[in-house]
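The following note sets out points for consideration on the structure shown here. Each point is kept to a short paragraph.

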Amino acid sequence: MLAVLCASLLLVAMDATILNVALPSLIDDLQVGPLEQLWIIDIYGLVLGGLLITTGALGDRVGRKLLFISGFLLFGLASVVAATAGSAAQLIGGRVLLGIGGAMVMPSTLSLIRNIFTDARERTMAIGIWAAVAGVGATVGPIVGGFLVEHFGWASAFWLNVPVVLVTVVVGLWVLPEYRAPQAGRLDWFAAVLSVTGIVCLAWGIKHLAKGEATGVDWAVLVLGVVALAWFTRRQLNATDPLLDVRLFGNGAFTAAALATLLAMMAIGAAMFLISLWLQYVHGYSPSQAGIRILPAALTLLTASLLTPMLMEKLGVRAVLGMGLGAVSLGFLLLAVSPEPTSYPVVALVLVSFGLGDGMAITAAAAVLVGAVPADRAGQAGAVEETNYEVGVGFGVALLGSLHARIFTEHMTDLSVPPDRLDQARGSIGGAAEVAADLPEPARTQLAQASTHAFDAALTTTSYISAVVVAIVTIVTIRLVPKGFRVTGGH
């Protein structure tokens, strides 16, 4: 049963980052601009994150196995839509459908683990394996994507999903138990709309503010998101059977776990995006070569996730969460202080630090969240964990990716390029590479050197900001978790 759940989780997690190394091929094939690039990468995580609260509650009511199987079938169908895309619009649409299917799958995996493993020690170990698969999926996405893109084209990154979906659905129908909450009432569809609207609008507004291109419409969308989430919270406080029991956040350990997941995934989502671009555009590696060079993060994350249950027993949740987030902050700091041009050995050490931190933080956080709720509300715990996981990846790319792009543009000055291609050259390192390919020497070399320097300078500034933010959240997280707090199985 755990193998079936983890197989589905692996695909859903991989799809959050699998296109990072495919981006140069997509740019060439579909002629996408800088903003479309960001949407192709992070619309999946934002849609998925926006729907998780609703699908978590829906699974409690209609059955977690039914939701899991239905969602994975939709995931397979959406993969075909994305794989056959002939335009950026169709690809973005396919990624939206993938996000909907993933939203049906992910909370079901964690909530079914809560039902299948009733012993607290066994459940913590199962969650450690679950977290290892989730984290490794996000980090091996670029590796698998790199191999497939280089040998079979970017569409193969989606065709990969189809046979895995078919096999997993057949086996899942056979081995998985069905579970639904016995006392669950009707789904509050208005609250569901509020939650989706709030998360997606909030993400939209933050993305455009970070990009520095916010208009009056973008500000209105941001305000709408804040209002919708505030309305959703008030409605849940007054509901007898809420989609999400927001009172759970009154528990310091629960809030700390949710915050740790969000920050850890923001870090690794943005890091995988930026480092993948750095490896390909600055160093000229092929997609598969770039993917292999991200492997230190995957291996370290796998090891850390499997060792975290033992560390929590010996040191407690507070220490493990603090060490995990501290390692993430240290990784950003190392990237920030490394001299230009940044070398791969430094990046490899940074990836190890990210893998170590994410493995510890995500595993400990998931164990706390699942152990804090009774079995009939496991879908809610799964939704909180997965919302922070997926929205974290999307926000990481949206916020840090947009911030990096803005700083990159500011450094791209005094360029010897045709006026009609200036915006393209200053928009992203991918756009600069395209323009440079059409220029004669020495203008080609000058533009390549300017874009490399701008990318490194933007990476340094972005890393400093990230290191400080994660360090602050680490301190807050440690203070929220009671001293001596242990995962005992909750209710």
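**Notes on a helix cap and two pockets**

1. Ser428 caps the N-terminal end of helix α18, with a side-chain oxygen placed 3.0 Å from the backbone nitrogen of Gly431. The coordinates come from a predicted model, and this contact should be read accordingly.

2. Helix α18 spans residues 429-437. Gly431, whose backbone nitrogen takes part in the cap, is buried, as are Ile429, Gly430, Ala432, Val435 and Ala436.

3. The largest pocket holds about 480 Å³ of space. Its lining comprises 19 residues, of which Ile53, Ile199, Phe249, Thr387 and Asn388 are the closest to the centre.

4. Two or more residues of the lining of the largest pocket come from each of α9 (189-211), α10 (216-238), α11 (252-282) and α16 (378-411). The greatest contribution is that of α16, with 6 residues. By class, the lining of the largest pocket contains 15 nonpolar and 4 polar residues, and no charged ones.

5. The second largest pocket encloses about 270 Å³ of space. Among the residues that line this pocket are Leu262, Leu263, Met266, Phe332, Leu399, Leu403, Ile465 and Val469. The elements supplying two or more residues to this lining are α11, α16 and α19 (443-480).

6. Which classes make up the lining of the second largest pocket? There are 11 nonpolar residues and 1 polar residue, with no charged residue. Ser466 belongs to this lining and counts as polar.

7. Helices α11 and α16 merit joint inspection: each gives two or more residues to the lining of the largest pocket, and each also does so for the second largest pocket.

Key:
Residues numbered from 1 in each chain as written. Predicted model: local features only at pLDDT ≥ 70, side-chain atom pairs only at ≥ 80, totals over all residues. Heavy atoms only, no water. Buried < 20%, exposed > 50% of the residue type's maximum accessible area, 1.4 Å probe, protein only. Helix = DSSP H or I, 4+ residues; strand = E, 2+ residues; numbered from the N terminus. Polar contact = N/O pair within 3.5 Å; in protein donor to acceptor, adjacent residues only side chain to side chain. 1 Å grid on protein atoms, 1.4 Å probe; cavity = no way out; pocket = protein on both sides within 12 Å on 5 of 7 lines; lining within 4 Å. Points joined across faces, edges and corners; volume = space filled by probe spheres on them.
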